[in-house]
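Visitor: Could you take me through one part of this model close up? I'd like to see where the two domains meet, and then the charged pairs that turn up elsewhere.

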Amino acid sequence: MGTEVISASNSGISRALLEWYEANHRDLPWRRNPEPYRVWISEIMLQQTRVETVIPYFERFLDRFPTLSDLAAASEDEVLTLWSGLGYYRRARSLLAGAKTVIEHHDGVFPRNYEAALEIPGVGPYTAAAILSVAYGEPWPVLDGNVERVLTRILRLADNPRKAATKKYLKEIAGGWMPRGKASSFNQAMMELGALICVPVSPSCAACPVHDACAAAEHGDPENFPKLPPRRKTVAVELEAGIIRRGKRYLLERNEDLDYLEGLWGFPLARPDSGGIAFRLRKKLATSIEEGAELKAIRHSITFRRLTLRPRILEAGSFSTRGKPSFRWGRAEELGNVLPVSSLCLKIADRLS
DNA sequence: AATACGGGGGG
DNA sequence: CCCCCAGTATT
């Protein structure tokens, strides 16, 4: 196989890859019964997110919303609550909107047509190809980060895979290698190889089924591929959280003015450079606020921001949350179970117990 | 074409 | 601790 020419039709690579996949693929919940609805949920959750992280979320989600109709009838808050901690919360909102779209425009069945799939909120080129190939066997090649890595290494291609032209080229290669009738296992095999063997750092080339056809492995520099543009540099952000307790309940606020975690509940936050959380709540709640103990700082990353959050215990005078829809009281156990929250909020709550 | 949206895992 | 990863929607 080492002397074979890599081309738009390389059956050696496909055969070795599929054989490896059959013997080594992981037993994942959505692979057991790959019906469109389940594959759809899994693919949305798997965007930017690891398999191990997704599994428990997927199980809970399917438990609560066994069918597309169940999901389409849900409230956004309930969907977000099940998404709490998973991140990229727009995915949850799009998924709900997408479920309604499929009910309304496709008789409740995820479309089998690529262009129609792309019209569904939250479904882009990758997800459309993934769902159509895995659930319906339609021959659309997927190109996700794993496949980009596998292909640029095999080809030793230094082009930036973020560029549209590179994506187009890589998709053509993948499509050319896809054996007839094997769209589902071929696509999943490419991604599985990227996830288990052809990993970003220290890939297991010795265990790779397509090692002999891989230019980067032969050259000894797989880690140099893909060649990605530099990422945005991180920005440090300081935040204070106010902890106000009444019995078993804490004062919570719905994020509105933050550029992130919008619509999620959490402990009230403020930038220290704008007067701090005590000052802010004094004005918002029109009551007296005394500063108490400061808890150990929490580090949390949100895209390019590196947050340092200092929780501070506060003692408030009397006030009411009536007429203030962005405030409410809630027990710690309700966070992520009844109320949609982020991981940041759960980290703070952990500090309180 | 560029930018922003979360979060967790590995070294 | 820092560095790694990466689909979609928006602009």
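Guide: Here is a walk through the domain boundary, one helix beside it, and a handful of salt bridges.

A quick word on ground rules: this is a predicted model, where local features need pLDDT of at least 70 and side-chain atom pairs count only at pLDDT 80 or more, while totals for chains, interfaces and linings use all residues. Residues are numbered from 1 along each chain as its sequence is written, chains are lettered from A and ligands numbered from 1 in the order in which they are written, and side-chain values use heavy atoms, with hydrogens and water left out.

Chain A is split into domain 1 (11–224) and domain 2 (235–352), with bounds that come from an automatic or database domain assignment. Their C-alpha centres sit 36 Å apart. Where they touch, eight residues of domain 1 are in contact with 14 residues of domain 2, contact meaning heavy atoms within 4.5 Å. About 730 Å² is buried between domain 1 and domain 2, and carbon and sulfur atoms give 52% of that; buried area here is the accessible area (1.4 Å probe) that two parts lose on being put together, summed over both.

Now for the polar side of this boundary. One salt bridge is counted between domain 1 and domain 2, where a salt bridge is a side-chain nitrogen of Lys or Arg within 4 Å of a carboxyl oxygen of Asp or Glu. R254 and D77 pair up in a salt bridge, at 2.9 Å from N to O. On the domain 1 side, helix α6 (residues 76–83) gives the largest share of what touches domain 2, with three residues; helices (H or I, at least four residues) and strands (E, at least two) are DSSP runs, numbered from the N terminus.

Stay with α6 for a moment. V79, L80, T81, L82 and W83 are buried in α6, which here means under 20% relative accessible area, with exposed over 50% and partly exposed in between (1.4 Å probe, protein chains only). The buried residues of α6 pack against α3 (36–46), α4 (51–64), α5 (68–72) and α7 (90–105). After α6 comes G85, with a positive phi near 95 degrees.

On to the charged pairs. The whole structure has 17 salt bridges. One of them joins R26 and E52, at 3.7 Å from N to O. R26 is in the loop between α1 (11–24) and α2 (29–32), and E52 is in helix α4, 26 residues apart. R26 is partly exposed at 22% relative accessible area, while E52 counts as exposed at 52%. Both belong to a network of salt bridges that links R26, R31, E52 and E192.

Strand β8 (residues 305–316) has a part in two more. R310 forms a salt bridge with E238, their closest N and O atoms being 3.3 Å apart. Because E238 lies in strand β1 (residues 235–243) and R310 in β8, the pair ties together parts 72 residues apart in sequence. E238 is partly exposed at 36%, and R310 is partly exposed at 29%. R312 meets E294 in a salt bridge at 2.9 Å, N to O. With R312 in β8 and E294 in strand β6 (residues 289–294), this pair ties together parts 18 residues apart in sequence. R312 counts as buried at 15% relative accessibility, whereas E294 is partly exposed at 42%.
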